[in-house]
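Me: I have a new structure open. Can you walk me through it?
Reply: Sure. Here it is.

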Amino acid sequence: MIRSRKTPRTLLLLIIIFWITIIFGLLFLPNPFSLFSSQKTINVYSWTELIDMRKVVEFERQTGIKVNIGYFESNEELYSKIKLTRGVGYDLIVPSGYMAEQFIKEKDFLQKIDKSKLHFWPRLNPNLLRHFYDPENEYTIPYMWSIYGIGINKSYFSPDIRKDWSLIFDTTVSQAPRVLIDDIRELMIIGAYYLFGSLDKIGEQQITEIKRVLLEQKKYTLVYAEGGAPYLLASGQAPLVLVTSPYVLRVVAHNKDIDFIIPDKENPIISIDTLVIPASCTKQDLVYQFINFLFSPEVVQYHVDQTYFLPAVTDVSCKEVETSSKNILNTCARGITKFKFLKNVIPTKAINEALLFLKS
Amino acid sequence: MIGIRLEGITKYYNGELIINNLNLTIEEGKFFALLGPSGCGKTTILRMIAGFENVDAGKIYLGDEDITHVPAYGRPIKTVFQNYALFPHMNVFDNVAYGLRIKKMSADMIEQKVLRILKAVDLEAQVNKYIQQLSGGQQQRVALARAIINEPDVLLLDEPLAALDLNLRERMLLELIDLQEKFKTTFIYVTHDQAEALTVADRMAIMNYDGEIEQVGTPKEIYEFPASSFVAQFVGSTNSIKGYISIPQNEQAVLNVAALGEIVITLPKEKRWARDGNHAVLSLRPEKIEISKKPLEGFANHFTGVVESIVYQGRWTQYKVRLKNDMRLQVFEQNEEHFPQEEIDYYDEVHLYWQKENAVLLEK
Amino acid sequence: MVKSLVSRVWLPVLASFTYLFLYLPIIVLIFLSFNASDFPFKWDGFTLKWYASLLHEPELFIALKNSLLVALTSVALSLVMGLLFVYCGWQYRLYRFMPAFLAAVALPEIVLAVGLLSFFSFFSVPLGLTTLIVGHTLLGLSFVIPIIRTQFLELDYSLTEASLDLGASEAQTFFKIILPLLSPALVAGGLLVFILSLDDFLISFFCSGPTSQTLSLYIFGMIRLGVSPTINALSTMLLAISSLLVIAFCSLNISNRGL
Amino acid sequence: MQLFNTLKKQASFIAAVPALIWQILFLYVPLLFLLSASFFKRWPVFNVYDLTFTNIAAVITTAHFKIIGWSLIQAMTIATACLLVGYPVAYFFAVKMRRWKNFFLFFLMLPFWTNFLVQAYAWFFVLERNGLLNRFLLSLGIIREPLQILYSPFAVILVMFYCYLPFMILPLYGVLEKFDLRLIEASLDLGATSSKTFFKITLPLTMSGIRNGFLLVMVPAFGEYAIPAIMGGGRYLYVGSLISNYFLESRDPAVGSSFTTVSGCVILFIVLIISRVMASPKQIQKQER
């Protein structure tokens, strides 16, 4: 108990610095629990649903490679997390179109793809290649895709209802309670396509116009959520939804009253989810092995059946559905060569302003 | 010789001098009581002996060994705490066995010893009870057993009976004396209760408010011959009569008290300060005074006064008598008689007598 | 009269309504988890198929494993650090810094989460289980330290002295006396941190990496995908597990009451 | 060897200090980051320290303050509602109930042990258009058409109230159980009516529990993210969802930091005011120390 009152300050400081060093040292171990297992591991960051854990487990069992999957629910969430960590720690990412473009624009963020290691490349649907975000497909591999459209509950509407975007955006056409996608950026761009037909000349004036339309929408909008759409549509709480095709098609399978409308059938708005490899990845062999596995017909078929997404390869049939757009969907839209995309044409600041304008 | 010797102990507490250059020797095998008012630093001394407080200056010897810087757990000195400090998460057995287990004694040995000591303090039936299930007296005994089982050279008791009620306290005091005689350990007993100290101690020390030792001696010495007016007042009750000494040639020494007259006193030779004309205080124990309505013979001192209050206290009756100089004297009279022989009442004129040997002259 | 009306009638009625309020949604949920129909409020007969399908959900088990790992590590870390802070820190009067631990309670969790995220990104710390543990331990400390400290202050210092007096070293005293006497606070604090960690959403949401899906994130993701009988089954299962744990804990507590 | 001895002397400091370092490193340094990020140009800051007020200026707009204000009102409403319901319930269990107390208390706390997302999710079936509540009201004939309760601010408040109620009841129960009932008797004995007794004796003496409960509910409710996201249908922004939006959705962490700083300051200010207003009487404070 006898303790000298005076403790040298420098010593105390040294102790503190010692602890800070230790704590920082521990921080940089990504997973303290996997240290002891010398397994081969890759880290994947994907949209929810797009890579099913059941198949991953199969892959792990076959190859002995451990796959850690994290899921994100919006492109922007992906971007923020990747930006914050500068991509370190991820070996495979699944962004969709305009986000892939963003990644490519940032120098040295992605690595080029070695197509010779991808056995499935010839099987890819050529219509999905060489788009605006990656004209030579140097960095991206199209994986799954979907079409933006309108899901309706037929019992709520008269049969001769207008089957284009005005059903959603023109509140004089319908006042039905509706569900819209929750990504304000996507919503604004689809609005721009509805209002101006193209994204070529989006200026301040146009943005104001889009905001006005969206605010008008809000009066009749029940929820901004893509995921909840199927249930709300099926239970009749929202007879009108604006989402991507998979979320409606999975309801159509159980409910004859539901229909999926694709406005602009000749060149619909689509979203392609692509696979990209960050530059920091050093486990190319493992990653390519995994990608090849994902593209094996059996695995693609499984994902298509489970999620109703459209496959990027031509030798897998789409999930057959009975809707007014069945000639597009059931053939995996193979006849269409021209697509519209969601592009990053509105500055971030304007989007934030729109968000505050719409939801505060 | 395994007594305790304190040499020049000095202790500061938050920058304040609590104990200054204190010397005290406690002989082996004695029941030693350290008596003093609350806050006089007696507990601090005990804690320094136990090793809970460090000493700012001076040395503590256990026998011939300097233990000033030995940590508490290294001293063969055990303590019985004021609130017993029994471990609430252990039962009686585990509490008592604690010290032995720390010493890594064998389990058989521990059990044997613990049961023996619990028998000695009459707690056999409570072996497996938890502390909260025991009465105050039982807890007290567990604390004693827990300390004694380690066969300490010195046992420190810090007001161990303060939490008990009066009857129990008296019984425990006797038990403590028995225990001390049985184990022949040096007991150091700290208390502020003079009656307790007088009862238990072989020797005792009295401390004053400044943390100084006023007197060391046997209880009888201290009671009968207090060395200072502080001791006289603190141990038992007393009447203090102030005056100045006058020693007429070849005559009895007297104390001159203003407006009262002369009191005959004895002047021991060792009290060198007691010179003619010096001021002094006479300490007169109330029970040494005879009170009577009738005049009596054979006493050196005789005064008269008026009874102001009478308090009947069972064993004795306490009177307050106002003398002619308005000084009040306290008088105890034993209630020996079963019948009222001479009833003393309020405002009665009474005679007070005492022998000169029964009063002690003290320095002012 | 008024008083007896309030205490005899109103309070029990209010209390029963509280129970109804607390349990109504849960009972509906449990009921629906056994419904064979995809859609609620259309009873298609009793089934366990949703539970069966849960068992084939590898993601769930990974999330559960991650959550448990994070929770247990955070509990251990915050208990050890908190205990050492309270016990060893008093000599250095480190309790002067006690208010420093209040901020985590006085600020919304999202502020902490966002702050941690910017901290990690500034130092390029890879997000993962480690970063989750850091965040949860941070939260845990600010709950555990006041709990341990309250109990520590209630400890009689003379017990420590008694133990030293009886020959125990400081280390022995710590393990034999202090630790057992603090154990109620440690158990309560540990349990609280465990729940906080399992329950935590915001820190997990911001500070998790690709390899650290937790139970909360998994449930949130499922709920975002809309109402489904699988979530009902999962919720019922979680309810059952936590009730069992609480019952086990309580009965343990009761059997220890002799203390 | 000498170093070892020196370190041994400091052993308890070495052992005690990690908790503090943890707190400073992972709470205060990050908060400082947020603060600096709102005032400096580069984010993350390293070499360029250009003081700028554009980030803060971007936050000081009516839209942002409308969101902060609404979140605050909502948090206050929830805390008040929890107090109004929680106090009598806690009082009932702590004071009135004798038998089966632990049993009922156990069931009161049981939902608290489950993940709060599960608790929130359970309300879907009660609140939705075809849900229990609408059916009940329809069958009573109170309403003709089912109400849209789900995805409304009311649903958000209701579910948050549900999830946070235990956080109010627990501290209240804690103080009420320790409350000396003889004080009530003494007050009644001295001639006070029971309502006067409640406001003059019971309420002031249990103020610490009220304050703790109130803050435990209000602070997290202010920054809540998940429940509005699930129950609110994304129709309105709350402080939590806007912060998350700035950091995770809209690539603007600089403005996000400013907004977090501003709303953090607002809530701290409110917390300080509330702890002042709901301070316990002086004597109790002394005892508590």
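Reply: One term to start with. Two strands pair if DSSP finds at least two bridges between them. Also, keep in mind that this is a predicted model.

Me: OK, so how many bridges do β15(B) and β19(B) pair over, and in which sense?
Reply: They pair over three bridges, in the antiparallel sense. Strand β19 of chain B covers residues 349–354.

Me: And which residue in β19(B) is the bridge partner of Ile291(B)?
Reply: Leu352(B) is that partner.

Me: What order do the strands of that sheet take?
Reply: The order is β15-β19-β16-β17-β18 in chain B. The sheet is open, has five strands, and its pairing is antiparallel.

Me: Which are the edge strands?
Reply: β15 (290–292) and β18 (328–334) of chain B. Each of these pairs on one side only.

Me: What does the twist average?
Reply: From one strand to the next, the average is 40°.

Me: Switching to chain D. How do α4(D) and α15(D) cross?
Reply: Their axes cross at roughly 35° and come within 11 Å. Helix α4 of chain D is residues 62–96, and helix α15 of chain D is residues 253–277.

Me: Is that crossing left-handed or right-handed?
Reply: The crossing of α4(D) and α15(D) is right-handed.

Me: Which residues meet there?
Reply: From α4(D), His64(D), Ile68(D) and Leu72(D). They meet Phe259(D), Ser263(D), Val266(D) and Ile270(D) of α15(D). By class, this contact has five nonpolar and two polar residues, with no charged ones.

Me: Now chains C and D. How many residues does the contact take from each?
Reply: Chain C gives 70 residues and chain D gives 59 residues.

Me: Which helix has the largest share on the chain C side?
Reply: α1(C), with 15 residues of the side that touches chain D. Several helices of chain C supply at least two residues each, among them α3 (58–89), α6 (129–154) and α8 (170–199).

Me: What classes are those residues on chain C's side?
Reply: That side has 54 nonpolar, 13 polar and three charged residues.

Me: Last one, chain A. How many helices and strands?
Reply: Chain A has 13 helices and eleven strands. Its C-alpha trace spans about 90 × 50 × 40 Å along the principal axes.

Me: How much of chain A is buried?
Reply: Buried residues are 48% of its 360 residues. As for contacts in chain A between residues at least 6 apart in sequence, 73% join residues at least 24 apart.

How values were computed. Residues are numbered from 1 along each chain as its sequence is written. Chains are lettered from A and ligands numbered from 1 in the order in which they are written. This is a predicted model: local features need pLDDT of at least 70, side-chain atom pairs count only at pLDDT 80 or more; totals for chains, interfaces and linings use all residues. Two residues are in contact if their C-beta atoms, placed from the backbone, lie within 7 Å. Helices (H or I, at least four residues) and strands (E, at least two) are DSSP runs, numbered from the N terminus. Ala, Val, Leu, Ile, Met, Phe, Trp, Tyr, Cys and Pro count as nonpolar, Asp, Glu, Lys and Arg as charged, and the others, Gly among them, as polar. A residue is buried if 20 or more other C-beta atoms lie within 10 Å of its own, exposed if 12 or fewer, and partly exposed in between; C-beta atoms are placed from the backbone. Axes are lines fitted to C-alpha atoms, for helices over the stretch in contact, and angles run from 0 to 180 degrees between N-to-C directions. A crossing is left-handed if the near helix is turned anticlockwise from the far one by less than a right angle, and right-handed if clockwise.
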